[in-house]
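Visitor: Hey, could you walk me through this one? I'd like the overall picture, then some details.

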Amino acid sequence: MKRSLVAVVVVLALSGCVEPVPPVTSPPLTTSFDTAPTVAPEVAAANFVSVVARMEPVIERECRARNAAANCDFRIVVDDRPRQPPNAYQTLDPSGRPIIAFTLPLIVEARNVDELAFVLGHEAAHHIAEHIPRQQQTALTGALVFGVLTAASGGDAAAVRSAQDIGGTLGARRYAKDYELEADALGTVLAWDAGYDPERGAVFFTRIPDPGNQFLGTHPPNASRIETVRRTMAGLR
């Protein structure tokens, strides 16, 4: 059971929080910044380097202030594997060190430093808020409950394993949308503290498909995410 459950959790942890793709046919949310032009690759690379240098100390300071026991030695890397989609994700290495990875297409897709800073703050917030261990715990609970119920009803070993996989997936997704909104709020604070404009950064959401409010979906509606940023900014101001 533990082996199959770990696989479920790892997939979810690495699935990414943002995946910009060409706009869908439904009209996107609009703001005064959403027509910002794309930037040249060399500008995109310079933007990324400057954002990492400016954001990393802010992120690590906030991490230590909120949870002194956490590993706050972030490693921010570029995922340069070929044919990767625009994506960013947070995970942990075997020693528990937090890793934040950006694919090259995402770095190029970002229209300005504020978008990169917001995405970086969002991913760092997942670690600071301990979303991975919290997700693992709910996944484990779901797997155990579904497995026990299936066994009690007379299910064989294969049925129990299948129930554990389903329970683990459902458990991991139970709070997924809440975690995304929490990360948006804290990511806003982190980007703001580093001197960036999170509202301008959140325009990123106007260029990706809206997942809507799907039952057990992994991401909340784009409008909810933008509203979270705006509400957090109102408090900061």
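Guide: Sure. Starting with the outside, the chain has an accessible surface of about 11,700 Å², and 58% of that belongs to carbon and sulfur atoms. Keep in mind that this is a predicted model.

Visitor: And how much of the chain is buried?

Guide: 46% of the 237 residues count as buried.

Visitor: What are the elements, and in what order do they run?

Guide: There are 9 helices and 3 strands. Going from the N terminus, the order is α-α-β-β-β-α-α-α-α-α-α-α.

Visitor: What share of the contacts comes from residues 24 or more positions apart?

Guide: Counting contacts with a separation of 6 or more, 75% come from residues at least that far apart, 24 or more positions.

Visitor: OK, the sheet. What's the strand order?

Guide: The 3 strands make an open sheet in the order β1-β3-β2, with mixed pairing. β1 (75-79) and β2 are the edge strands, each pairing on one side only. From one strand to the next, the twist averages 25°.

Visitor: Mixed how? Which sense does each pair take, parallel or antiparallel?

Guide: β1 and β3 are parallel, over 5 bridges, while β2 and β3 are antiparallel, also over 5 bridges. In general, strands of a sheet pair through backbone hydrogen bonds, and either sense is possible.

Visitor: Which residues can I click on to see the pairing?

Guide: Try Arg 75, which stands opposite Ile 99 in β3. On the other side of β3, look at Pro 98, the bridge partner of Leu 92.

Visitor: What sits between β2 and β3?

Guide: They form a hairpin with 5 residues between them. Gly 96 is in that turn, and its phi is positive, about 90°.

Visitor: Is β2 mostly covered or open?

Guide: Mostly covered: 4 of the 5 residues in β2 (residues 88-92) are buried.

Visitor: Which helix lies across β1 and β3?

Guide: That's α2, residues 41-66, and its direction is at about 160° to β1.

Visitor: I've got Val 43 selected. Where is that, and how covered is the side chain?

Guide: Val 43 is in helix α2. Its relative accessible area is 37%, so Val 43 counts as partly exposed, the class between the 20% and 50% cut-offs. Asn 112 is 69 residues away from Val 43 in sequence, yet their C-alpha atoms are 9.3 Å apart.

Visitor: Switching topic: how many disulfides are there?

Guide: There is 1. Cys 63 and Cys 72 form it, with their sulfur atoms 2.1 Å apart.

Visitor: Left-handed or right-handed? And are those cysteines buried or exposed?

Guide: The torsion about the S-S bond is about -75°, so the disulfide is left-handed. Cys 63 and Cys 72 are both buried.

Visitor: Last one, α7. What length does α7 reach, and what would you expect?

Guide: α7 covers residues 176-193, 18 residues in total. From first C-alpha to last it reaches 26 Å, close to the 26 Å expected at 1.5 Å a residue.

Visitor: Which residues in α7 are buried?

Guide: Quite a list, including Ala 176, Tyr 179, Ala 183, Leu 186, Val 189 and Leu 190. Charged side chains appear there too, among them Lys 177, Glu 180 and Asp 184. As background, an α-helix has 3.6 residues a turn, so residues three or four places apart point the same way.

Visitor: And what follows α7?

Guide: Gly 195 comes after α7, with a positive phi near 95°.

Technical notes
Residues numbered from 1 in each chain as written. Predicted model: local features only at pLDDT ≥ 70, side-chain atom pairs only at ≥ 80, totals over all residues. Heavy atoms only, no water. Disulfide = S-S within 2.5 Å. Buried < 20%, exposed > 50% of the residue type's maximum accessible area, 1.4 Å probe, protein only. Helix = DSSP H or I, 4+ residues; strand = E, 2+ residues; numbered from the N terminus. Pairing = 2+ DSSP bridges. Axes fitted to C-alpha atoms, helices over the stretch in contact; angles between N-to-C directions. Contact = heavy atoms within 4.5 Å. Expected span 1.5 Å × (residues − 1). Areas by Shrake-Rupley, 256 points an atom, 1.4 Å probe, with all protein chains shown as cover.
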